[in-house]
Amino acid sequence: MTWLDTLTEKALARELPTRAEVLKVLHGGDDELMDVVAAAFKVRLRYFGRRVKLNYLVNIKSGLCPEDCFYCSQRLGSAADVLKYTWLKPDEILAGSEAGVRAGAKRVCLVASGRGPTDADITRVSAAIAQFRRRHPDVEVCACLGLLSDGQAERLHQAGTTAYNHNLNTAETNYADICTTHTYQDRAGTVQKAKQAGLSPCSGLIAGMGETDTELADVVFALRELDPDSVPVNFLIPFEGTPLGGQWALTPQRCLRILAMVRFTCPDAEVRLAGGREIHLRSLQPLALHIVNSIFLGDYLTSEGQAGARDLEMIADAGFTVEGAAERTLPEHRRDLVKVRRRGPGTTLPANA
C-alpha cells in the first residue's frame with residue numbers, strides 16, 4: 001500500500017494519523033493532488049455520502065469589537081470599511097434567519113462581534129432563538145457570541161440553540177502572534193463549556209495567516225483532541241486596514257491540501273468550507289466538495305460570498321445533493337455522542353459507538 005492508502009484506511013477506521021502523514025499531505029506535489037482529493041473523498045463518502053449541508057450566517061452585531069485579532073476587519077483599531085451596528089432586535093434576527101431558511105439552509109449561524117456576551121445579551125439572543133425554533137423546529141441554530149461566562153451556554157441550550165461556534169483559529173504556539181487581548185486557552189475553554197452544556201461544539205481554523213506547516217498540523221491535531229462535531233475551515237481574507245492586510249499566501253492547490261488534511265484528521269466531523277473559499281479556491285471550489293460536506297451559503301460577516309444560486313448550481317453540477325432538513329448530518333456514532341452530552345454526566349454510550 002502507498003502512504004496515501006495507509007492514511008485513508010486510518011481515517012476510515014477513525015484512527016489518529018501521525019504528524020508525518022498529515023504533513024505529507026501538505027508537502028506533496030501537484031502531480032498527486034488529485035490522488036489526495038480522491039482519497040479524502042473516500043472518507044467523506046463513508047461518513048456523509050454525497051450530501052452537502054447548507055449554512056447561513058446572520059451578523060447580529062457588527063464591528064465595535066474591543067479585541068485585537070489581527071485577521072479581523074472588526075478588530076480594535078481596524079481601518080477596514082465595514083458596517084458597524086449594535087445588537088439587532090429579536091424581530092430583525094428572526095427576519096435574517098428566515099431569509100436563510102428560504103434559501104435552503106439547514107443551519108442558521110447567529111454571529112456577534114465582541115469579547116463575549118453579557119447575561120442581558122444572552123437573554124436577548126435566547127428570546128430570538130426560541131421564537132425561531134418554534135417556527136422552524138427542524139432547522140439548526142448555531143450561536144457564535146464570543147467567550148462564554150459560566151451558565152451562559154446552559155441558557156442558550158435551554159432556549160433551543162443547537163450548537164456553539166468558537167474557533168481555535170491557529171496553533172497555541174502561534175496564538176500570541178495573531179491576538180493579544182485573549183488567549184488560546186480562553187477559546188478552548190469556551191468550546192468545552194459549550195460541549196458540557198449539551199451544545200454541539202463547532203470549532204475550526206483560519207489558514208493563510210503566516211503559519212508554518214507544523215503549526216497547521218498542530219491546530220488540526222488540537223481540534224481532533226477537542227473533538228468538535230463541526231470543523232469550519234476559513235482561508236484568510238486579508239482586509240486592508242488590518243495587520244494581515246495584503247497577505248496573499250494561499251493557492252487553490254494549497255487550500256485543497258489543507259482541507260484534505262482536516263478530513264483525514266477529523267474524518268467523521270462535519271468539515272465546513274467557510275470564509276475565503278471564493279477568492280482562494282476560485283474555479284476549484286467544486287473539487288473541494290469532494291472533501292468537505294458543508295458550506296456557507298451567501299455572504300459572510302463583513303465580506304461577500306458568491307450568489308446562493310451559483311452555489312446550488314455548483315453542488316448539482318458536481319454530482320452532490322443538498323441535505324434536507326429531515327436528514328441527519330452526523331454519522332450515527334457521533335449522534336450518540338451528542339445525545340450523551342445533552343443528557344449530562346453519568347450517561348453511557350451504546351456498545352457500538
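These are legends for a handful of close-up views of the structure above.

The model is predicted, so a word on ground rules: local features need pLDDT of at least 70, side-chain atom pairs count only at pLDDT 80 or more, and totals for chains, interfaces and linings use all residues. Residues are numbered from 1 along each chain as its sequence is written, and side-chain values use heavy atoms, with hydrogens and water left out.

**View 1. Strand β3 is boxed in by the rest of the structure.**
Helices and strands here are DSSP runs numbered from the N terminus, with H or I runs of at least four residues for helices and E runs of at least two for strands. Strand β3 covers residues 140-144, and five of its five residues are buried, so the strand is largely enclosed. (Buried means under 20% relative accessible area, exposed over 50%, and partly exposed in between, using a 1.4 Å probe and protein chains only.) Glu140, Cys142 and Cys144 point one way, while Val141 and Ala143 point the other. That is the usual pattern: in a regular strand the side chains alternate between the two faces of the sheet.

**View 2. β3 pairs with β2 and with β4, both in parallel.**
Strands count as paired if DSSP finds at least two bridges between them. With β2 (residues 107-112), β3 shares five bridges; look for Val111 opposite Cys144. With β4 (residues 163-165), there are two bridges, and Cys142 has Ala163 as its bridge partner.

**View 3. Helices α5 and α6 each sit in a right-handed β-α-β unit with β3.**
In one unit, the chain elements are β2, α5 (residues 119-135) and β3. In the other, they are β3, α6 (residues 152-158) and β4. Right-handed means that, with the strands pointing away from the viewer, the path from the first strand over the helix to the second runs clockwise.

**View 4. Helix α9 is mostly hidden.**
This helix takes in residues 252-265, 14 in number, and spans 20 Å from its first C-alpha to its last, close to the 20 Å expected at 1.5 Å a residue. The expected span is 1.5 Å times one less than the number of residues. Of the 14 residues, 13 are buried, so α9 is largely enclosed by the rest of the structure.

**View 5. Two aromatic pairs turn up in a search of the whole structure.**
In the first one shown, the ring centres of Phe41 and Phe320 are 6.3 Å apart and the planes meet at 90°, so this pair is edge-to-face. Phe41 belongs to helix α3 (residues 33-48) and Phe320 to the loop between α12 (308-317) and β10 (321-322), which puts the partners 279 residues apart. Both Phe41 and Phe320 are buried. Tyr175 and Tyr184 are edge-to-face too, at 6.4 Å centre to centre and 70° between the planes; Tyr175 and Tyr184 are both buried. (Rings of Phe, Tyr and Trp, the last by its six-membered ring, pair if their centres lie within 6.5 Å; planes under 30 degrees apart are stacked, over 60 edge-to-face, and the rest tilted.)

**View 6. Two arginines sit over phenylalanine rings.**
Arg50 lies over the face of Phe320, 4.8 Å from the ring centre. Arg272 places its charged end over Phe296, 5.6 Å from the centre of that ring. To count, NZ of Lys or CZ of Arg must be within 6 Å of the ring centre and within 35 degrees of the ring normal.

**View 7. Arg51 and Glu323 form a salt bridge.**
The whole structure holds 18 salt bridges, each a side-chain nitrogen of Lys or Arg within 4 Å of a carboxyl oxygen of Asp or Glu. Here the N to O distance is 3.0 Å. Arg51 is in strand β1 (residues 51-61) and Glu323 in the loop between β10 and α13 (332-343), so the contact ties together parts 272 residues apart in sequence. Arg51 is buried at 18% relative accessibility, and Glu323 is buried at 3%.

**View 8. More salt bridges, within a helix and between helices.**
Arg277 and Asp311 meet at 2.9 Å, N to O. The two are 34 residues apart, with Arg277 in helix α10 (residues 277-281) and Asp311 in α12. Relative accessible area is 0% for Arg277 and 0% for Asp311, making both buried. In α5, Arg124 and Asp121 are three residues apart, about one turn of the helix, and their closest N and O atoms are 2.8 Å apart. Arg124 is partly exposed at 29%, whereas Asp121 is buried at 9%.

**View 9. A salt-bridge network links Lys53, Arg107, Glu140, Glu270 and Arg272.**
Two of these names have come up already: Glu140 is a buried residue of β3, and Arg272 has its charged end over the ring of Phe296.
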